[in-house]
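Let's take a friendly walk through this fold together, going from helix packing to aromatic rings. Keep the viewer open and turn the model as you read.

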Amino acid sequence: MSREVNTVTPGGDAVPASPGEAPKQRRATVVQDGSLLRDVFGTYGTRVVNICLSMITGIITARMLGPHKRGIFALVYLFASTVVTFGKLGLSQASVYSIRRDRIPPERVAANALFVSLALGGVLALAAWVFREQLLATFLRGVPVWAVVISLPLIPVLLFESYFNAIVQALGQFSLYNRRLMIGTASLVSGMFVFLVLIRGDLEAAILVVVLNPIVMDTWLLVTVWRMLRMRLRLDFGLLGRELRFGVKSHVQVLAQHLHLRVDVYLVAYFLNPSEVAFYVLAVRLAEFMLDIPRSVGMVLYPRLASLDDREMYRLSAQGCRRTLLVTSCAAVIISLIGPLLIVLWYGRAYAPAAKPLPFI
């Protein structure tokens, strides 16, 4: 496929920055569309390497913490991820649509994303703290209070990460996305190895590593995007309102998908103990390896779909769905067969019970 360069403005070079503002010359922002196949394979290749590195992290935490503490560790991170999912409001999808379809300057979209992630993330973290007693008595049963406290900064950080990854995606900067993902996962593995294997840290060290690592990586992401777009810290309420109206439609789907994939873990935590959670989460993680295939395809496909006419959009979507279904179905059969052997080999015989729920998942 040929390389195509689009100049992104809301409707030309001379445009108002917001409703009621006098027209002025805007800086052109370049959005690059490379080969679809190249970006899909590049993104999926990065995810494969990321899976391998994440697997190393899982092996380190499983063997050094043991089933009980590994279950607590999984619940702490999952809880932060769930809170963030409730607060996304579809702004990630709206950011891509605004940049690619509506031709809104990316710097305006990014400024809104920064404001919302910090403000909304802070509110969600505060709400999690206020309702900590109810959470610890139900879906976070067995998790100590201190573990919830030190994980709260993850909420605004992961919300920011979601918004700004979408902006990088809309700009067609998949090399930046892939590079950041690789470096972030590699640094996480290194941190776990140092603090759990070499220093012989405990659950506290594991949670601190998983909190501090995205803070460092997302600071780098913010600086990179800031320099790329020359952002100005100004909240555009008119644009934010349009983004929320569009985003809420997809937010329902994203929220339903997250609950569909994660509510079972909370049910296990509610009725059983952290060790059982560790077994179940490990089986879930193995089963979800195949989901990186449609995630890679969707991440690369969505910005392109947003800029196509309806007929071509439907054709390309159907083609991507057919091929993705074929590949993931084959992967599901393979993982069901070899998964029980891999669990004992990688994580140790203490985690052998994780093989029982794997085929069902």
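Helices H2 and H11 are oblique to each other, because their axes cross at roughly 45°, and an angle counts as oblique when it falls between the limits for parallel, perpendicular and antiparallel pairs. Keep in mind that you are looking at a predicted model. H2 covers residues 91–100 and H11 covers residues 292–306, and their axes come within 8 Å. The crossing of H2 past H11 is right-handed. To find the contact on screen, pick out Gln93, Val96, Tyr97 and Arg100 on the H2 side, then look across to Tyr302, Pro303 and Ala306 on H11.

Now turn to another pair of helices, H3 and H8. What is the angle at which the axes of H3 and H8 cross? It is roughly 150°, with the axes coming within 10 Å, and that makes H3 roughly antiparallel to H8, because angles over 145 degrees are put in that class. This crossing is left-handed. On the H3 side the contact involves Pro106, Glu107, Ala110 and Leu114, which meet Leu222, Trp226 and Leu229 of H8.

Glu107 deserves a second look. It belongs to helix H3, which spans residues 106–130. Is Glu107 buried or exposed? With a relative accessible area of 9%, Glu107 is buried, because the cut-off for that label is under 20%. Its C-alpha atom is separated by 9.0 Å from that of Met228, although the two positions lie 121 residues apart along the chain.

Another charged residue to visit is Arg180, in helix H7 (residues 174–198). Arg180 is buried as well, at a relative accessible area of 8%. Leaving aside residues up to four places away in sequence, Arg180 touches Glu161, Asn165, Met217, Asp218, Trp220 and Leu221.

Next come the aromatic rings. A pair of aromatic rings is described by the distance of the centres and the angle of the planes. Searching the whole structure turns up 8 aromatic pairs. One of them joins Phe279 and Tyr351 edge-to-face, at 6.0 Å centre to centre and with 85° between the planes. Phe279 sits in helix H10 (residues 274–287) and Tyr351 in the segment after helix H12 (310–347), so this pair ties together parts that are 72 residues apart in sequence. Both partners are buried: Phe279 has a relative accessible area of 12%, and Tyr351 has 2%.

A further edge-to-face pair is formed by Trp346 and Tyr347, with 6.5 Å centre to centre and 75° between the planes. Here the two partners fall into separate classes of exposure. Trp346 counts as partly exposed at 22% relative accessibility, whereas Tyr347 is buried at 8%.

Rings can also join up beyond a single pair. Which residues do ring pairs link into a cluster? They are Phe139, Tyr266, Tyr270 and Phe271. Tyr270 has a charged partner too, since Arg141 lies over its face at 4.8 Å from the ring centre. Elsewhere, Arg132 lies over the face of Trp129, at 3.6 Å from the ring centre.

How values were computed:
Residues numbered from 1 in each chain as written. Predicted model: local features only at pLDDT ≥ 70, side-chain atom pairs only at ≥ 80, totals over all residues. Heavy atoms only, no water. Phe/Tyr/Trp six-rings, centres within 6.5 Å; stacked < 30°, edge-to-face > 60°. Helix = DSSP H or I, 4+ residues; strand = E, 2+ residues; numbered from the N terminus. Buried < 20%, exposed > 50% of the residue type's maximum accessible area, 1.4 Å probe, protein only. Lys NZ or Arg CZ within 6 Å of the ring centre and 35° of its normal. Contact = heavy atoms within 4.5 Å. Axes fitted to C-alpha atoms, helices over the stretch in contact; angles between N-to-C directions. Parallel < 35°, antiparallel > 145°, perpendicular 65-115°, else oblique. Left-handed = near helix turned anticlockwise from the far one by under 90°.
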